[in-house]
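Biologist: I have a new protein model on my screen and would like to learn how to read it. Could you take me through it step by step?

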Amino acid sequence: MTELRAIVSRISTRERLSTEAARLFAERGYHGTSIGDLAKVLGIQKASIYSHIKGKEDLPAKEVFKNVKTLTDVPATRLLRTMQAFTRSLGVSCTHCHVAEQWDSEEKEEKQVTRDMMAMTRAINDDYLKKIKALEDDKPSVNCFLCHRGHAHAGEELRPPASPAPAR
Ligand code: HEC
Ligand code: HEC
């Protein structure tokens, strides 16, 4: 168990313990959680991606990765930073959208939804927000976090206040 605790503390100092891992511990406790389970939810394998792109950090993502359709021209490292931003914005781990270690796979629907969300976000910013005159903010924009706020399902934590009981 000490080994597992050590790994957990190492990971959580590097990056906030993902909500999926936290859920796993809540369900099974330290004793019921194997290192394999944890590696799976945290996507520990991602260390290997950084070694995979070594020396190619600044090349366009489409030349470094196998299956990029939206983030084609950003540097490879920026794609990975965007991935990390996704996990924080949605409060999920990499495996919410990916099959672990098969980063190019399209098996999880969340992956294509995310491309559609990127297109939607861009459209809101470029086609709508930019054109609204007289906003106080010079560069108004929305992003994943603004809507998702650390939740996979945008708005799930937001409930309008219950309407007051009708007066009798
Ligand atoms: C909210 C969904 C989502 C999360 C979470 C996510 N990704 Fe991605 N990832 C995508 C999408 C979408 C693409 C494809 C981007 C494109 O088509 O331009 C992608 C592409 C990739 C690729 C390129 C694979 C290839 O060869 O084509 C890698 C590597 C990758 N992600 C790693 C990660 C890592 C590591 C994490 C966790 C830190 C992560 N992703 C978290 C949605 C996600
Ligand atoms: C304008 C608000 C808004 C923005 C910006 C936004 N989303 Fe969403 N997102 C939603 C809504 C609404 C849904 C549908 C409700 C749901 O199922 O979560 C959704 C659903 C999703 C889902 C599917 C959830 C599921 O499991 O069915 C993913 C994945 C997702 N968004 C990722 C992203 C990412 C990544 C970004 C940033 C590129 C983003 N979203 C930006 C509002 C937004």
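Modeller: We will go through confidence, then the fold, then the surroundings of a ligand.

Biologist: How should I begin?

Modeller: Begin with trust, as this is a predicted model. The mean pLDDT of the protein is 84, and 79% of the residues reach 70 or more.

Biologist: In which helix is confidence lowest, and in which is it highest?

Modeller: Helix α1, residues 2–14, has the lowest confidence, with a mean of 52, while α7 has the highest, at 98. Over residues 11–16 the pLDDT falls below 50, and beyond near neighbours in sequence this stretch makes three contacts in the model. Where pLDDT is low, the predicted coordinates should not be read in detail.

Biologist: Now the fold. How many helices and strands does the protein have?

Modeller: Count the elements along the chain: there are eight helices and zero strands. Then look at packing: of the 168 residues, 13% count as buried. Among contacts between residues at least 6 apart in sequence, 44% join residues at least 24 apart.

Biologist: What surrounds ligand 2?

Modeller: For a ligand, look at the shell of residues around it. Here 16 residues surround ligand 2, and the closest are M117, C144, C147, H153 and A154. By class, the shell has eleven nonpolar, four polar and one charged residues.

Biologist: Which helix gives the most to that shell?

Modeller: That is α7, with six residues. Helices α6 (76–90), α7 (109–128) and α8 (144–148) each supply at least two. Recall that α7 is also where confidence is highest.

How values were computed:
Residues are numbered from 1 along each chain as its sequence is written. Chains are lettered from A and ligands numbered from 1 in the order in which they are written. This is a predicted model: local features need pLDDT of at least 70, side-chain atom pairs count only at pLDDT 80 or more; totals for chains, interfaces and linings use all residues. Helices (H or I, at least four residues) and strands (E, at least two) are DSSP runs, numbered from the N terminus. A residue is buried if 20 or more other C-beta atoms lie within 10 Å of its own, exposed if 12 or fewer, and partly exposed in between; C-beta atoms are placed from the backbone. Two residues are in contact if their C-beta atoms, placed from the backbone, lie within 7 Å. A residue is near a molecule or strand if its C-beta atom, placed from the backbone, lies within 6 Å of it. Ala, Val, Leu, Ile, Met, Phe, Trp, Tyr, Cys and Pro count as nonpolar, Asp, Glu, Lys and Arg as charged, and the others, Gly among them, as polar. pLDDT is the predictor's confidence in each residue, from 0 to 100.
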